[in-house]
Amino acid sequence: MSSPARAEAPAVSRESGRLLRYVDALREAVAQEMEADERVFVLGLDVDDHKGIQGSTLGLQARFGTERIFNTPLSEDAMTGVAIGAAIAGLRPIHVHIRMDFLMLCMNQLVNMAAKMHYMYGGTVTVPLVVRSMIGKSWGQGAQHSQGLYSMFMHVPGLKVVAPSNAHDAKGCLIAAIRDDNPVIFVEHRLLYGTEAFVDEAPFTVEFGKARIAVPGNDITLVGVSNMVVECLRAQELLSEVGISAEVLDPISLVPLDFDTILASARRTGCVLVVDNAWTTCGASAEIIARLAEATSGGDAKPIVMRRMGFAPTTCPTTPALEQTFYPNPATIASAVHSLVRPKAKAWSPAPERAVLAYQRQFRGPF
Amino acid sequence: MPSPAKLTSEDIRRIYRSLRLIRRAEEEIARVYPSDRIKSPVHLSIGQEAVAVGVCDALTGDDVVSGTYRGHATYLAKGGDLNAMMAELFGKVTGCARGKGGSMHLVEMSKNVLGASAVVGTTIPLAVGYALALRREGRGRVAAAFFGDGATEEGVFYESLNFASLHKLPVVFVCENNFYAIHTPLTKRWASEALCGRVANFGIPTHRITDSDVFAIRRIVADAVAEMRQGAGPIFLECHTYRWREHVGPMEDYEAGYRDRNDMETWRATDQLERVGALLDATTRGKINIEIEKEIAAAIEFADQSPFPPPEELHTHVFAGQS
């Protein structure tokens, strides 16, 4: 059994890559792009302090100077506008937020300006902007440090949204985002920061709009988003012990979304469970299920069984007694899969202690 | 208002031409508007031209401006193409934004006119960010951010002032204070009239110009920009001015009761277009006027004759690099 702390990396990088933590992959991506392209710069609250955004920006200022990586006032609205202004002037800003919740303070600039400028100015302007933000979980993160708000950005044409689930994709997607001429909302899950995967040292990109089959399987298609890929991978291991073969898909990018791969897998397995790291209403899971429903209603010989899981429809509580039921986890995912694949069988759930993931168990906070 | 001392006759001709072009272009837009050929709401600057002209005349072509949805004056004063602007209002593919932006989103990057926004205050930090890039570029270029009195009530305005001052960025903040946010007067919106005082607290030099004197505005900006090109930080101008027409649309609206026609008449008595025009001899003035009428007629003809974008254009430019 593979270590549950290690998200599966694609076989292609195993030959040449090293085991690298997600956080180090992020930092390496930024450093390499800053080295290669002097237009790239980093701004954000606390990017240059002694913690360096959990280490993801640590040491960059010493290497690249205060002009290319600098702290900002707590003015998310204006700082987003400043980043956009610098982007249309030809620079390539990376605006860093330690929590995705704070992006709500940037919504006007991101939705009304960044997303639309290329279109409403008739293609005469491009906005090569990367907005990094982190989703928190556990250690009492609570209501305003835990939200996976990416579907709000998926709704708006003109924004790309990526949510890599492992260190390899974190590096490849971040480099791709920096090189992209469009605004990219880059979603990082805090608990993934310590996870390791095989990552090439040389710069590389992970193409947006291309899902990865993390584990092939036949009985059900499990689509995970962000860290839910890791949870799905553990569920898949537990399910295999009871003879259920789950295929785990990682969309990697939500806009653009590789729907074709999801649909092909769903048609083959006849059963889909989308597990999101967010609420289900109007979320990424709603979008994927809606598209599946549209694509398979009428023409398909056999209807596809579909279901989604996500945050409980509540605010995220701090107490672990409640928080643990707020999130999907490998046990609830495995149990849901079992009921979908074997609807007539007696309900089954793996032993709770076997469903705890190492990367969550080891997390000691803060942040 | 004293006569401008250091201005050449060429300066006066150029300033008059710019004021006159904006005034007449907008009067023509108002005249054409009822024909329904203009496919965009229009927020006319008639009466307010002196601020845009005074500021932009002190800039070079390499300097950058950002404007608002009441942006025809800014666009034209900075050298934006009249044909492309008119076509944009008509919704034609030859418009400066291919008919996808309209009057509220004029843009011309080749003239360093950043795209305008309909959401009050949103372009202020963009100008600051652009200025950050200009400072890094090190060629001494500056950015001027135009906005109305309403924008000074937005949090982003103060956030932008603070950041620009902190980093000593080359930004000319220009508040076109016409006393109304749509129909709501300052008295219902401002706890204190000391706008310049609020801005000065950020360590930014301020200038309050209450008579719309185009030459005074030009001189203040020219002096400040000369220092910015050597590394000085931002300045702020509060320019009082007056919108003669309704908030949006081609008409006057004094019968609505929220403001008094006499206020407008007071401003009209010191109309900068008339004032600058009077400094030119009749022949020179007449020649410029004729040229401008031809340009405007040609622009309307260009807009009329240009095609609408084809249907497939709906889906282009959602993402850069897409098509």
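**Exercise 1.** How many residues of domain 1 of chain A are in contact with how many residues of domain 2 of chain A?

*Solution.* This is a predicted model, in which local features need pLDDT of at least 70 and side-chain atom pairs count only at pLDDT 80 or more, while totals for chains, interfaces and linings use all residues. Residues are numbered from 1 along each chain as its sequence is written, and chains are lettered from A in the order in which they are written.

Step 1: the bounds, from an automatic or database domain assignment, are 11–199 for domain 1 and 212–361 for domain 2 of chain A.
Step 2: with contact taken as C-beta atoms, placed from the backbone, within 7 Å, 25 residues of domain 1 of chain A touch 25 residues of domain 2 of chain A.
Step 3: on the domain 1 side, α6 (150–154), β6 (160–162), α7 (167–179) and β7 (184–189) of chain A each give two or more residues. Helices (H or I, at least four residues) and strands (E, at least two) are DSSP runs, numbered from the N terminus.

**Exercise 2.** Compare the span of helix α1 (residues 9–32) of chain B with the expected one.

*Solution.* Step 1: the expected span is 1.5 Å times one less than the number of residues.
Step 2: α1(B) has 24 residues and should therefore span 34 Å.
Step 3: the end C-alpha atoms of α1(B) are 34 Å apart, in agreement.

**Exercise 3.** Which residues of α3(A) and α6(B) make the contact between these helices?

*Solution.* Step 1: the axes (lines fitted to C-alpha atoms over the stretch in contact, with angles from 0 to 180 degrees between N-to-C directions) of α3 (residues 76–88) of chain A and α6 (residues 155–166) of chain B come within 8 Å and cross at roughly 65°.
Step 2: α3(A) contributes D77(A), A78(A), G81(A) and V82(A), and α6(B) contributes G155(B), V156(B), E159(B), S160(B) and F163(B).

Conventions
Two residues are in contact if their C-beta atoms, placed from the backbone, lie within 7 Å.
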